[in-house]
Amino acid sequence: MKKLFVFVMCCVAAIVMTSCGGNAADNTPSAVAEKSMKCLKDKDYKGYVDLMDIKAKDGSSVEETKSAYTAMLSSKFQEAEKKSGPMKDFKVLGEEVKDSTAVVKVAVNYEQKSDTTDVKLKMNKDGEWKLDVGK
């Protein structure tokens with residue numbers, strides 16, 4: 001269950017990264033991780049997926065791939081909420097940046113438990129931090 005949660009959190013972070021735009025303060029690993037967590041808290045799975053660096057695969061368009069990720073994320077989070085309750089709040093604890101990758105540690109409080117998770121990010125070719133979907 002913890003691995004599933006970490007995977008979902010990574011996906012959330014990735015979505016937050018993809019939707020980043022605007023000023024440089026919004027393009028930091030911590031800012032993107034925070035956006036991703038807010039998307040998860042608000043159940044904005046499409047917004048989360050938009051923060052991911054997603055490429056089309058298997059002949060699908062990028063939009064089809066994003067739609068599939070959004071559906072999967074929604075399903076996984078609904079499943080996780082049955083066990084831990086909805087997310088109440090979260091707090092970014094710190095970040096570690098190495099070259100074009102980053103790990104942001106986040107404390108998350110759910111209705112029935114608290115946990116910490118690592119949100120993994122990578123910088124895309126345009127210099128934007130995106131959630132690392134990692135395989």
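## Questions on a predicted four-helix, four-strand model

Biologist: Which residue of β3 stands opposite Val103?
Modeller: The model is a predicted one. β2 and β3 pair in the antiparallel sense over nine bridges, and Ala107 stands opposite Thr116 within this pair of strands. For Val103, the residue opposite in β3 is Lys120.

Biologist: How many residues lie between β2 and β3 in their hairpin?
Modeller: The loop between these two strands contains Glu111. The strands themselves run over 101-110 for β2 and 114-123 for β3. In the hairpin that they form, the number of residues between them is three.

Biologist: Is Glu111 buried or exposed?
Modeller: Glu111 lies in the loop between β2 and β3. Leaving aside neighbours within four places in sequence, Glu111 is in contact with Ser84, Gly85, Pro86 and Lys88. The cut-off for an exposed residue is a relative accessible area over 50%. Because its relative accessible area is 53%, Glu111 is exposed.

Biologist: How far apart in space are Glu111 and Glu81, C-alpha to C-alpha?
Modeller: Among the contacts of Glu111 is Gly85, the residue that follows α4 and has a positive phi near 80 degrees. Glu81 falls within α4, which covers 62-84. Glu111 and Glu81 are 30 residues apart in sequence, and their separation in space is 9.0 Å.

Biologist: What distance separates the end C-alpha atoms of α4, and why does it agree with the expected span?
Modeller: The helix α4 has 23 residues, and at 1.5 Å a residue it should therefore span 33 Å. The expected span takes one less than the number of residues. The distance between the end C-alpha atoms agrees with this expectation, at 32 Å.

Biologist: In what order do the strands form the sheet?
Modeller: Along the sequence the pattern is α-α-α-α-β-β-β-β. β1 and β4 stand at the edges with a single partner strand each, so one side of each is left without a neighbour in the sheet. The sheet is open and its pairing antiparallel, in the order β1-β2-β3-β4.

Biologist: Which residue takes a positive phi in the hairpin of β1 and β2?
Modeller: β1 and β2 pair in the antiparallel sense over ten bridges, with Gly94 opposite Lys105. Their hairpin has two residues between the strands. The residue with a positive phi, near 55 degrees, is Asp99.

Biologist: Which residues make up the covered face of β2?
Modeller: The uncovered face of β2 holds Thr101, Val103, Lys105, Ala107 and Asn109. The covered face consists of Ala102, Val104, Val106, Val108 and Tyr110.

Biologist: Which residues have the most contacts inside the largest nonpolar core?
Modeller: This core has 25 residues. Each of α2, α3, α4, β2, β3 and β4 supplies at least two of them. The residues with the most contacts inside the core are Leu40, Met52, Val119 and Leu121.

Biologist: Over which residues is the pLDDT below 50?
Modeller: The protein averages a pLDDT of 85, and 81% of the residues score at least 70. One stretch falls below 50, although it has 51 contacts in the model beyond near neighbours in sequence. Where pLDDT is low, the predicted coordinates should not be read in detail. The stretch in question is residues 15-21.

Methods: Residues numbered from 1 in each chain as written. Predicted model: local features only at pLDDT ≥ 70, side-chain atom pairs only at ≥ 80, totals over all residues. Heavy atoms only, no water. Core = buried A, V, L, I, M, F, W, Y, C linked by side-chain atoms within 4.5 Å. Buried < 20%, exposed > 50% of the residue type's maximum accessible area, 1.4 Å probe, protein only. pLDDT = per-residue confidence, 0-100. Contact = heavy atoms within 4.5 Å. Pairing = 2+ DSSP bridges.
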